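Welcome, and thanks for opening your viewer. Load both chains, switch to a cartoon view, and we will walk through the stops together.

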Amino acid sequence: MTKQDDQHSPTSPVFLGLIGQLLKGPAKVLLPIVSIFGLWYLIIYTSDLPSFVIPDPQKVLLSLIENRDLITEHFLHTMKVAGAGFVLANVVGIGLAMLFVSLPVSRNAIMPAAITIRNVPYVIIVTVLALAVGDGFATKVTVVTLAGFFPVLVNTYRGLQAVDPIVLDRMRILDASLWEVFVKVRLPYSIPFIIAAQEITGSASIVIAIAVEWMISRTGLGYVINQGMMAYEGELVYAVALVAAVFSFAVYSIIHHLGQRMNWAENNDR
Amino acid sequence: MSLSVSIQGIGRKFGSMQALADVELEIEAGEFVSFVGPSGCGKTTMLRIVADLEKATTGKVLIGGAVPKEMRRQKKLGLVSQRPAVLPWKRALDDVKFTQKVAGRVGFPADQLLRDFGLEGHERKKPSQLSGGMLQRVNCASAIAHDPELLLMDEPFSALDEMKREEMGEWFARELEVRPRTILFVTHHIDEAVLLSDRVVVFSASPGKVHEIVKIDAPRPRDKSFRETREFIEKTAQLRRTLFHDLAAGA
């Protein structure tokens, strides 16, 4: 047997490694499902909680199928709020970070206010905004933005400051404009930092959007949870939770995946 | 094309500390001049003032008859720093091209330059994939990619281990024959200064000023064998005496 044949025989390490690779994808999806449902059944059979507190998974799936139109409709509302809030959080966060770097005095002026806003309980912001501009789309998006911009701001600012001063000397000796330094040096330097912030803000946007809907809205997954709760329909609440969790996980995965491809600090093959 | 440098009565104060006082120095076009001296003698500050990266408190610098800022605007200056100023996300070839893009001038074809610098086969590697010596070569290539007429080098080989450092010095001496230009070179290493320079300027500390200028007349090209000549040994010894005896005693 030649060496090459040996590599492809069913018992060779290369071959087993290949099988492992092939199984990796499905295993990544299957293992979480097994562990989540396993834990779920375990709690049902070992605790005496009533079924509207912790319903059977099959009832939840049934409810998901029965209520798919309702859930889809409200899911789309939530997605819009979370999506718009996420984008605005980035616009505000990255924009402020750029302002702070190019005009240091602005940092002293704005940062205390930003920290204050970040530390006000969202319940109060929601209440004030609802009184001021009503319980519509704008209020919900504003709350998601306010809740999400801070990690983006702090990380982007740190990233823009992370530039090696020696590289700034290099740019200066070449008489590069401030704009060139910003676009070609500072921004790329901050990409790993901005990506890290997206993983936080992305999931937070969804959670906050649902929370706000739960409080004030007549649309969105938060509202459906509210309805399910009031009707003691535990299955519906859990069905929504399932949708939200899958959605949140998907968003996180997409951001993480895109992030790894854009992140020069972790990627040598691009 | 190369540029002359005229340093006229340069002084620099940091708070109450006089880092440089009354530095006078005329550097001819195409000349290689090293600055050596004890730490804190202001040799790097002097280089940065010529580069227009720092302002002098008194005096002025003229490069080819113009102020440094003007020469910087015309992209006629190049800078090699001790730590490589490469961009961590750029491949070697792209990093060299980056200089040319920002300067708006292709001095030397980037791929040719890297090949001449012994980096053939490494053009598509990123900084994290290159060794210290190779990285410093990329750094040098990026610094002269736009063909600056005055090259300022701040301890470019000091971060390398001793063997690598000597090797890089010899390589750079050969490179000088191919692409000659005016060079100001800050170093801690006497042998490096003697090997490469036409003149070695010894700075004394607090305040930093020119203490002695040693001329190295040996013909070029100079290579490894120059290290074993009488002139090399004598000049090295002379500089050692000045640095370790005269200046140490004064301090």
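Which strands of chain B does helix 1 (residues 43-50) lie across? Select residues 43-50 of chain B and look at what is beneath: helix 1 of chain B lies across strand 3, strand 6 (150-154), strand 7 and strand 8 (199-204) of that chain. Against strand 7 of chain B, the helix runs at about 150°. Keep in mind during the tour that this is a predicted model.

**The sheet of chain B**

Next, show the strands of chain B. You will find an open sheet of 6 strands, in the order 5-6-7-3-8-9, with mixed pairing. Its edges are strand 5 (77-80) and strand 9 (209-215) of chain B, each of which pairs on one side only. Turn the view to see the twist: on average, neighbouring strands of this sheet are turned by 20° against each other, direction ignored.

Now zoom in on residues 32-36 and 182-186 of chain B, which are strand 3 and strand 7. These two run parallel and are joined by 4 bridges. To see one pairing, pick Val33(B), whose bridge partner in strand 7 of chain B is Leu184(B).

**Where the chains touch**

Bring chain A back into view. The contact takes 14 residues from chain A and 20 residues from chain B. On the chain A side, helix 8 and helix 9 (178-216) each supply at least two residues. Helix 8 of chain A gives the largest share, 7 residues. Colour that side of chain A by class and you should get 8 nonpolar, 1 polar and 5 charged residues.

**Helix 10 of chain A**

Select residues 221-230 of chain A, which form helix 10. Its buried residues are Leu221(A), Gly222(A), Tyr223(A), Val224(A), Ile225(A) and Gly228(A). What do they pack against? Show helix 4 (68-102), helix 9 and helix 11 (234-262) of chain A, and you have the partners of these buried residues. Just after helix 10 of chain A, stop at Tyr232(A), which takes a positive phi of about 55°.

**Confidence in chain A**

Finally, colour chain A by pLDDT. The chain averages 87, and 90% of the residues score at least 70. Confidence is highest in helix 8 (residues 165-173) of chain A, at 96, and lowest in helix 1 (residues 3-8) of chain A, at a mean of 47. Over residues 1-7 of chain A, pLDDT stays under 50, and the model has 4 contacts beyond four places in sequence for that stretch.

Note on methods: Residues are numbered from 1 along each chain as its sequence is written. Chains are lettered from A and ligands numbered from 1 in the order in which they are written. This is a predicted model: local features need pLDDT of at least 70, side-chain atom pairs count only at pLDDT 80 or more; totals for chains, interfaces and linings use all residues. pLDDT is the predictor's confidence in each residue, from 0 to 100. Two residues are in contact if their C-beta atoms, placed from the backbone, lie within 7 Å. Ala, Val, Leu, Ile, Met, Phe, Trp, Tyr, Cys and Pro count as nonpolar, Asp, Glu, Lys and Arg as charged, and the others, Gly among them, as polar. A residue is buried if 20 or more other C-beta atoms lie within 10 Å of its own, exposed if 12 or fewer, and partly exposed in between; C-beta atoms are placed from the backbone. Two strands pair if DSSP finds at least two bridges between them. Axes are lines fitted to C-alpha atoms, for helices over the stretch in contact, and angles run from 0 to 180 degrees between N-to-C directions.
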